[in-house]
Structure formats: C-alpha cells, structure tokens
Amino acid sequence: MTAHDTTNIDTSFGNLRIRRLAGRIGGEVQDLKLSASLDDATVADLQAALVKHKVLFFRGQSHLDDASHQAFGAKLGKTIAHPTVPAREGTRIFELDASKGGGRADSWHTDVTFVDAFPKISILRGVSIPAYGGDTVWANTVAAYEGLTPELKQLAEKLWAVHSNDYDYGATREQVEDHRLRHHQNVFVSAVFEAEHPLVHVHPVSGERALLLGHFIKRIVGLSGTESARIFELLQNRVTRLENTVRWGWRQDDVAIWDNRSTQHYAINDYGDQPRVVRRVTIEGEPAVSVDGQRSRTRKRPDAVNDDQIRAAIAQAA
C-alpha cells in the first residue's frame, strides 16, 4: 500500500482509522493509545468497530501495565476473573505463560463457554513475545454460519450443546506433555462447570447469527457421541476455513481485542521453549440467545473456588 492508497482503510467509525487485514475479519487500528482516559465517543466507536471487524489490533501499546490494562478494559464493561485459574495478584487478569502448563491455548475455542453468560469481549496484551512463532489466528463465526446451506442452517438452529471446562484436552492435539495434562486436570478443572448453549445464537448488538462451537463442547444434546462428533466436525470445519480467518504476528506490547460472541481463536504452538507471556482482561457477557428466543442455561456450577487450593494445585502440576 502506498502512502496515498486508502482503499483498505475503514474511516466509518468517528476518528478511528482501521486498516483491514483480511476479507472477512480483522482490522488494525492506527495511531490510537488505549487508556481509561479515552472519551466516551471514542470508546463507543471502538465497540461499534469491534462488532463489525470482530477482532481489532493495536501496535505499540508499551504504556500499558496490568493496572492500566484493566482500567481500560473497564471502559468496555465489567471486568471479570477466570472462573478457575487464579488471577494475577491484585487484579482480575488471566495470564497465559508458555513456561507453565496452561499457557498454550493451541486449540480452536471461544473463551469460557462453559458458563451460561460467557464473556463478550477479551483484551489480550503481549508481554513477552518469542522471536519467531506464536501467532494467533481468529475465525469469524458469523461468516461461518452465513456460508451454510439453508438445510444446514435449519439443522444447526435446532441443536443445543453441553459445554464444559472438563473436556477432552488431548483430543485436538497431536502430543500433550505430562505437565500440561496435570495443569489442566489439577487447575483448569479444579471446579467443573457445564452450560447448555444453542449451536446458533443471535448477536445481541448486530442481530447477526453465529455458530457457537469450539473445544469446550462435550456433546450435542439428544444425540449419541458418534453423531455429536460428526455434526460438530462438520460445522467446526466451516468456522476454521481459511477465508473466515485472520492471522496476527505478535510484537512486543501489541494488544488484540476481540468480540467473543462472534469469533473463535487459536494460539499457534510453534515457538518451542521460547518465552511467551500474554495477559488477558475479560469483559462480562450475557447468556446466548437462540433463534427462537431461548437463553443459555447453567447445568453445573460449583461453589466458590478457593484460590489458595488452586495455587497449591499449580505448584503440584509444575
């Protein structure tokens, strides 16, 4: 793109300049410093742009630390901690550290769909980025739904699935190290959650219909295990078609913000033993709504989880 070529710059959201990165998803917001001091009009423009582009990227946010990262997140809604993994001390921030068992999110998923009111927005900050590898890919679940035939749409719209954090962690991975399995069993599943969601839900802002799938699905309600697996594979493959995706090559201090209601993502595990630390601020969402107006429901929700017990489990899993 030349200095005067603006054909892929979206200027339809106030003063924001957004460079489109792929045909169906993703935009890089240029020359904006994220902070809690952004005015309400800019925050509203960011939220509207997020609904359209599904994931927004920001380079050079070196001014952010944990406190200011979380404070900015609060401009987008109520910040919440992860249900089972302890937050960083004094914050509600969820850290993914590749040197620890749970730090490689290398499977397609929508965040925390094992609760009925799963997060609406996630804000991820690159703290320590490897010299090579470690990209993240996002997929547009609205485009995936829209690409289905009318017959498949009708089928998917009738189905519901059980999502749980106690899923088959090794199912989509070629090889899983023992310490990662221990971390999953002792920390991530320290308390088991289950929720029922429609396979197709209606976005509460745009009204778009999106597929709600990902690795937290245990089974489709009313179907056998084999039938569930086949229908899941058929629809999940539509989500991850390359034309529905965008891939981001991280640099130090980058920030990615995604609409968790209309995306899945996958952190590519191709960086070996290099350090990779990213930290996420998560914004509270609401139950999904099916095309016929039914809301997601809780199947299993444990009592409050004791962080001290989980930290002890982390030490045991290390």
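**Aromatic pairs in the model**

Okay, so let's start with two rings: phenylalanine 57 and tryptophan 248 are both buried. Keep in mind that this is a predicted model.

How are those two arranged? Phe57 and Trp248 make a stacked aromatic pair, with 4.2 Å from centre to centre and 5° between the planes. What does that pair tie together? Phe57 is in strand β4, residues 55–58, and Trp248 is in strand β14, residues 245–248, so the contact ties together parts that sit 191 residues apart in sequence.

Now the next pair, tryptophan 108 with tyrosine 266. Here the rings are tilted, at 50° between the planes and 5.6 Å centre to centre. Trp108 comes from the loop between β6 (94–97) and β7 (121–128), while Tyr266 belongs to strand β16 (residues 263–267), so this pair ties together parts 158 residues apart in sequence.

Buried or exposed, you might ask, for Trp108? Trp108 has a relative accessible area of 19%, and because the cut-off for buried is under 20%, Trp108 counts as buried. Its partner Tyr266 comes out at 25% relative accessibility, so Tyr266 is partly exposed.

Stepping back to the whole model, the count of aromatic pairs is 6. There's also a cluster: Phe57, Trp138, Trp248 and Trp258 are linked by ring pairs. So yes, the stacked pair I opened with, Phe57 and Trp248, has both of its rings in that cluster.

One last contact, and this one involves a charge. Which ring does the charged end of arginine 297 sit over? That's tryptophan 160, with the charged end of Arg297 4.0 Å from the ring centre.

Definitions and conventions
Residues are numbered from 1 along each chain as its sequence is written. This is a predicted model: local features need pLDDT of at least 70, side-chain atom pairs count only at pLDDT 80 or more; totals for chains, interfaces and linings use all residues. Side-chain values use heavy atoms; hydrogens and water are left out. Rings of Phe, Tyr and Trp (its six-membered ring) pair if their centres lie within 6.5 Å; planes under 30 degrees apart count as stacked, over 60 as edge-to-face and the rest as tilted. Helices (H or I, at least four residues) and strands (E, at least two) are DSSP runs, numbered from the N terminus. Buried means under 20% relative accessible area, exposed over 50%, partly exposed in between (1.4 Å probe, protein chains only). A charge sits over a ring if NZ of Lys or CZ of Arg is within 6 Å of the ring centre and within 35 degrees of the ring normal.
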